[in-house]
Amino acid sequence: MNPLEDVKIRPLEEHDLETIVEIDRKVLGDRRRDYWERKLQRMDNKSTQISLVAEVEGNVVGFILGEVSGWEFGVPDTIGWIDTIGVEPVYQKKGLATALAHELIKKLKTIGVKTIYTLVSWSDWDLLQFFHAMGFTRGDMINLELKI
Ligand SMILES: CC(C)(COP(=O)(O)OP(=O)(O)OC[C@H]1O[C@@H](n2cnc3c(N)ncnc32)[C@H](O)[C@@H]1OP(=O)(O)O)[C@@H](O)C(=O)NCCC(=O)NCCS
């Protein structure tokens, strides 16, 4: 089976919560249901969010959470964000994240977004490699932190 031939990209819905929790657990090791429930609820309340899932043979195997900046951080609404992306480990390296990101980018473009931001941890090599492969480069914003 070639997942890319059978993949269906559709908007993320409330009932996808458990599957996303499971994908996250398989990827990162911990079951974080409360975290995902809060995160999806927060996103659901924002009209600016665009989140998608990838289905293969009727099963959700990947997701992407994105949104348009509503002038957050003084950033204009021509900026879109990719918040999180995740693909079920056995379905990785088959082009599913690329398909999800392309669909999100297409949707962001149609509503006027010109640039997309994302934040990736320096140690997340798979994500860094993925975004590099997608054509992302280092942006103008820098990440400041203060340990307290
Ligand atoms: C990063 C991630 C989204 C990539 O998903 P994917 O479906 O495997 O990505 P694609 O198949 O579309 O990859 C496209 C390109 O990105 C690069 N890439 C993707 N994963 C890579 C990896 N692990 N190592 C090196 N390059 C990688 C490659 O250049 C790849 O092209 P190629 O297969 O022709 O070499 C996936 O590995 C993942 O979910 N990682 C965990 C991310 C995470 O922590 N999310 C939060 C919790 S769920």
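The largest pocket in this predicted model holds about 1,400 Å³ of space. The second largest pocket holds about 920 Å³. The ligand sits in the second largest pocket. The protein buries 76% of the 920 Å² that the ligand exposes when taken alone.

**Largest pocket**
- The lining has 32 residues. Tyr117, Thr118, Leu119, Val120 and Gly139 lie nearest the centre of this pocket.
- Helix H3 (33–44), strand S4, strand S5 (115–118) and helix H5 each give at least two residues to the lining.
- By class, the lining of the largest pocket splits into 16 nonpolar, 8 polar and 8 charged residues.

**Second largest pocket**
- Here 35 residues form the lining. Nearest the centre are Ile85, Gly86, Val87, Asp126 and Leu127.
- At least two lining residues come from each of H2, H3, S4, H4 and H5.
- H5 gives the most to this lining, with 7 residues.
- The lining of the second largest pocket comprises 19 nonpolar, 8 polar and 8 charged residues.

**Shell around the ligand**
- The ligand is surrounded by 20 residues. The closest are Ile85, Val87, Lys93, Gly95 and Thr98.
- The elements that give two or more residues to the shell are helix H2 (17–28), strand S4 (79–87), helix H4 (96–110) and helix H5 (125–134).
- H5 gives the most to the shell, with 5 residues. H5 also gives the most to the lining of the second largest pocket.
- The shell has 10 nonpolar, 6 polar and 4 charged residues.
- Ile85 and Val87 are among the closest residues to the ligand. Both are also among the residues nearest the centre of the second largest pocket.

**Polar contacts of the ligand**
- Thr98 makes a side-chain contact: an N or O atom there lies 2.5 Å from an oxygen atom of the ligand.
- Val87 makes a backbone contact: a polar backbone atom of this residue is 2.8 Å from a ligand oxygen.
- Ala97 also uses its backbone: a polar atom there is 3.0 Å from an oxygen atom of the ligand.

**Elements shared by the two linings**
- H3, S4 and H5 each supply at least two residues to the lining of the largest pocket and at least two to the lining of the second largest.

How values were computed. Residues are numbered from 1 along each chain as its sequence is written. This is a predicted model: local features need pLDDT of at least 70, side-chain atom pairs count only at pLDDT 80 or more; totals for chains, interfaces and linings use all residues. Side-chain values use heavy atoms; hydrogens and water are left out. A residue is near a molecule or strand if one of its heavy atoms lies within 4 Å of it. A polar contact is a pair of N or O atoms within 3.5 Å; within protein, one must be able to donate a hydrogen and the other to accept it, and residues adjacent in sequence count only if both atoms are side-chain atoms. Accessible areas come from the Shrake-Rupley method with a 1.4 Å probe; for residues, only the protein chains shown count as cover. On a 1 Å grid over the protein atoms alone, a cavity is a set of points where a 1.4 Å probe fits but cannot get out, and a pocket is an open set with protein on both sides within 12 Å along at least five of seven lines; lining residues have an atom within 4 Å of a point. A molecule sits in a cavity or pocket if more than half of its atoms lie within 2 Å of its grid points. Helices (H or I, at least four residues) and strands (E, at least two) are DSSP runs, numbered from the N terminus. Ala, Val, Leu, Ile, Met, Phe, Trp, Tyr, Cys and Pro count as nonpolar, Asp, Glu, Lys and Arg as charged, and the others, Gly among them, as polar. Grid points are joined across faces, edges and corners, and a volume is the space filled by probe spheres set on the points.
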